[in-house]
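The exercises below ask the reader to work through one protein chain, from its overall layout to its interior and its charged pairs. Please look over the sequence and the structure before attempting them.

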Amino acid sequence: MIAETLRNRQTREQGYREQALKIYPWICGRCTREFTRENLQQLTVHHRDHNHDNNPKDGSNWELLCLYCHDNEHSRELEADAARQAGHGAGGKSGTARATAQPFANLKDLLKRG
């Protein structure tokens, strides 16, 4: 069952990847790096709405990104999700602690002594 699911996913990905490569120029949508047949495997299809089942034939949910920009996009999404989850705790306040140390508070006095 797992093997079949993986095969179906690979088939689906191959289909929309091939379509996206026919529709769009082989350029990363973020860093504008250009690709050729020799390095085309480094160009990925990113789903703008993050739904890999949303594959309209016109490619409106796709964006070609290099491996690095694609990883960055998903990292940003994960960080945003974590921040949203942290914001829902403790009465809606952010879970991020603020710094209270003041390392330069007496810098002026230290410079006068030196």
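Throughout, a contact means heavy atoms within 4.5 Å. The model is a predicted one, in which local features need pLDDT of at least 70 and side-chain atom pairs count only at pLDDT 80 or more, whereas totals for chains, interfaces and linings use all residues. Residues are numbered from 1 along each chain as its sequence is written, and side-chain values use heavy atoms, with hydrogens and water left out.

**Exercise 1. Describe the order of the elements and the pairing of the strands.**

Solution. Begin with the secondary structure, where helices (H or I, at least four residues) and strands (E, at least two) are DSSP runs numbered from the N terminus. The protein has 3 helices and 2 strands, and from the N terminus on these follow the order α-β-β-α-α. Next, consider the strands, which count as paired if DSSP finds at least two bridges between them. Strand β1 (residues 43–47) and β2 pair in the antiparallel sense over 5 bridges, and within this arrangement Thr-44 stands opposite Leu-65 in β2. Finally, of the contacts between residues at least 6 apart in sequence, 49% join residues at least 24 apart.

**Exercise 2. Establish why strand β2 is described as largely enclosed by the rest of the structure.**

Solution. The terms come first: buried means under 20% relative accessible area, exposed over 50%, and partly exposed in between (1.4 Å probe, protein chains only). Buried residues make up 20% of the 114 residues in the protein. In strand β2 (residues 62–66), 5 of the 5 residues are buried, so the strand is largely enclosed by the rest of the structure. Taking the two faces separately, Trp-62, Leu-64 and Cys-66 lie on one side and Glu-63 and Leu-65 on the other, and all of them are buried.

**Exercise 3. Identify the residues with the most contacts inside the largest nonpolar core, and trace the surroundings of Cys-28.**

Solution. A nonpolar core is a set of buried Ala, Val, Leu, Ile, Met, Phe, Trp, Tyr and Cys residues joined through side-chain atoms within 4.5 Å. The largest one has 13 residues, and those with the most contacts inside it are Cys-28, Phe-35, Leu-43, Val-45 and Leu-64. Helix α1 (2–23), β1 and β2 each supply at least two residues of this core, and the largest share, 4 residues, comes from β2. As background, nonpolar side chains in soluble globular proteins tend to be buried together.

Turning to Cys-28, this residue lies in the loop between α1 and β1 and counts as buried at 1% relative accessibility. Beyond the residues up to four places away in sequence, Cys-28 touches Arg-33, Phe-35, Leu-43, Leu-64, Leu-65, Cys-66 and Cys-69. Cys-28 and Leu-64 are 36 residues apart in sequence, yet their C-alpha atoms are 5.5 Å apart in space. With its neighbours within four places again left aside, Phe-35 is in contact with Trp-26, Cys-28, Leu-40, Gln-42, Leu-43 and Cys-66.

**Exercise 4. Work out the salt bridges made by Arg-30, Glu-73 and Arg-84, and state the accessibility of each partner.**

Solution. A salt bridge is a side-chain nitrogen of Lys or Arg within 4 Å of a carboxyl oxygen of Asp or Glu, and a search of the whole structure finds 5 of them.

1. Arg-30 pairs with Glu-63, the closest N and O atoms being 3.0 Å apart. This pair links distant parts of the chain, with Arg-30 in the loop between α1 and β1 and Glu-63 in strand β2, 33 residues apart. Arg-30 is partly exposed at 38% relative accessibility, whereas Glu-63 is buried at 13%.
2. Glu-73 pairs with Arg-76, the closest N and O atoms being 2.6 Å apart. Because they are 3 residues apart in helix α2, Glu-73 and Arg-76 are separated by about one helical turn. Glu-73 is buried at 10% relative accessibility, while Arg-76 is partly exposed at 46%.
3. Arg-84 pairs with Glu-77, the closest N and O atoms being 3.8 Å apart. Arg-84 is partly exposed, with a relative accessible area of 44%, and Glu-77 is partly exposed too, with 28%.

As a last step, salt bridges that share partners join Arg-30, Glu-63, Glu-73 and Arg-76 into one network. Apart from residues up to four places away in sequence, Glu-73 touches Arg-30, His-46, His-50 and Leu-65.
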